[in-house]
Amino acid sequence: MTRLSQPLHQRLSTALVHDEFEVNYQPLVDLSTGEIAGAEALIRWRHHDGTYAMPGAFIPQCEKTGFIITLDQWVLKNACAQAAAWRRKFAANFTVAVNLSAHQFSHPLLISVVRDALRQCGLDAAGLELEVTESAAMHDADQSERAIEELRALGVRLSLDDFGTGYSSLSYLHRFPFHKLKIDRSFIGDFSGKARGSAIVGAIVALAQALDMRVVAEGIERVDQLTFLRSVRCDVGQGFWFGQAVPAPQFERLLEAGHNYYAQMTAAEA
Ligand code: C2E
Ligand code: MG
Ligand code: MG
C-alpha cells in the first residue's frame, strides 16, 4: 500500500515519525508601539511535493482519534525550545503562544507535560502562553478550573481563544481567570460608520480590561481595522496585515531586524 492510499490517521502518525510537521510562527504585535511582542505557534504538515496542509485539513481527524494529544505535545516542545532560544537571543520578555486542544486541556497529565517541556527547554514559564477555546474550557468546567489554577501557579499565561464564537458566557469569564482574551476574527470586519461590529468589539475590549485581562484582536487584514482597534485601546493585534505564520528562520529575520510595523505607515495612518 502506498502512503497516499493509507487512511488519514495512519498517514498522520507516519508523518510525525518522518518529521513532516513544522511549527510556523505568526507575529503578535503590541498595538501601542508596533513592535513584535510574541508569536503564535501554528502547525503545518509539509508534503513531499513541498505543499503544506493547513490545520483545518487534519486537526479534526487528530481530535477524533486522540492523536492530537501526541501532536500538541510535539508542538509544545518545539515551541518552548524556540521561545527559549529567541528570549536568549533577542528579548527576555518574548512569548510564544501554543494552542491546546480540548483533549490536551482536560488531560490528567497536562500540568506535568507543561512542566517537563519548560524544564527540558530551559524556558521560563512566563515565556509560554497557552491558548484554549471557550468550548474546550467549558467541556469539563471543574477540571478546567483546576487546570487553570495549576497552570497559573506554574507561571504560565493563559489565553481564551476565538472569543465570541461560542457561548461567550460572562459567568465563565468570571470563573476562569485567563490572562488574555482573543477576539475572534469574525468580529474584525467592517468598523466604518455605525457598523454594529464596532460597538461589540469596543464593548469586549472594555469588559476584558475591566476584568484585568489583556485583549488580542485576531484577523487584522486592513489598516482601517488596525486604526479602529488602536482607537479602542486593544492591546495586541494579529493578522495578515502584519504577516502570516512563517517558518522559524523567516520569523527570526524579523526579530533580528527589530521590525516595527508602524515604521511602514504613512503619517496620516499612524
Ligand atoms: P487559531 O488558534 O484561532 O489561530 C489563528 C488562525 O487564524 C490561524 O489559522 C491563522 O493563520 C489565521 N489567521 C491569522 N490572521 C488572519 C487573518 O488576518 N485573516 C485570516 N483569514 N486568517 C488569519 P491556521 O494556522 O489555519 O489554524 C487554524 C486553527 O487550527 C487555529 O486557530 C487553531 O485552532 C488550530 N491549530 C493550529 N495549530 C494548532 C496546534 O498546534 N494544536 C492545536 N490543538 N490546534 C492548532
Ligand atoms: Mg490560537
Ligand atoms: Mg483564534
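**A tour from ligand 1 to a helix pair**

Select ligand 1 and the protein around it: 23 residues surround the ligand, with R44, D72, N99, E221 and F240 the closest. Keep in mind that this is a predicted model.

Next, show the side chains of N99, E218 and E221 and look at their polar atoms. In N99, an N or O atom of the side chain is 2.8 Å from an oxygen atom of ligand 1. An oxygen atom of the ligand also lies 3.3 Å from a polar side-chain atom of E218. At E221, the partner is a nitrogen atom of ligand 1, 2.5 Å from an N or O atom in the side chain. Of the 800 Å² of accessible area that ligand 1 has on its own, the protein covers 83%.

Now select helix α3, residues 67-89, together with helix α5, residues 110-121. Their axes come within 9 Å and cross at roughly 35 degrees; the crossing is right-handed.

To see the contact itself, display Q73, L76, K77, C80, A81 and A84 on α3, which meet V113, V114, A117, L118, Q120 and C121 on α5. By residue type, this contact of α3 with α5 has nine nonpolar residues, two polar and one charged.

How values were computed. Residues numbered from 1 in each chain as written. Chains lettered and ligands numbered in written order. Predicted model: local features only at pLDDT ≥ 70, side-chain atom pairs only at ≥ 80, totals over all residues. Heavy atoms only, no water. Axes fitted to C-alpha atoms, helices over the stretch in contact; angles between N-to-C directions. Helix = DSSP H or I, 4+ residues; strand = E, 2+ residues; numbered from the N terminus. Left-handed = near helix turned anticlockwise from the far one by under 90°. Contact = heavy atoms within 4.5 Å. Nonpolar A, V, L, I, M, F, W, Y, C, P; charged D, E, K, R; others polar. Near = heavy atom within 4 Å. Polar contact = N/O pair within 3.5 Å; in protein donor to acceptor, adjacent residues only side chain to side chain. Areas by Shrake-Rupley, 256 points an atom, 1.4 Å probe, with all protein chains shown as cover.
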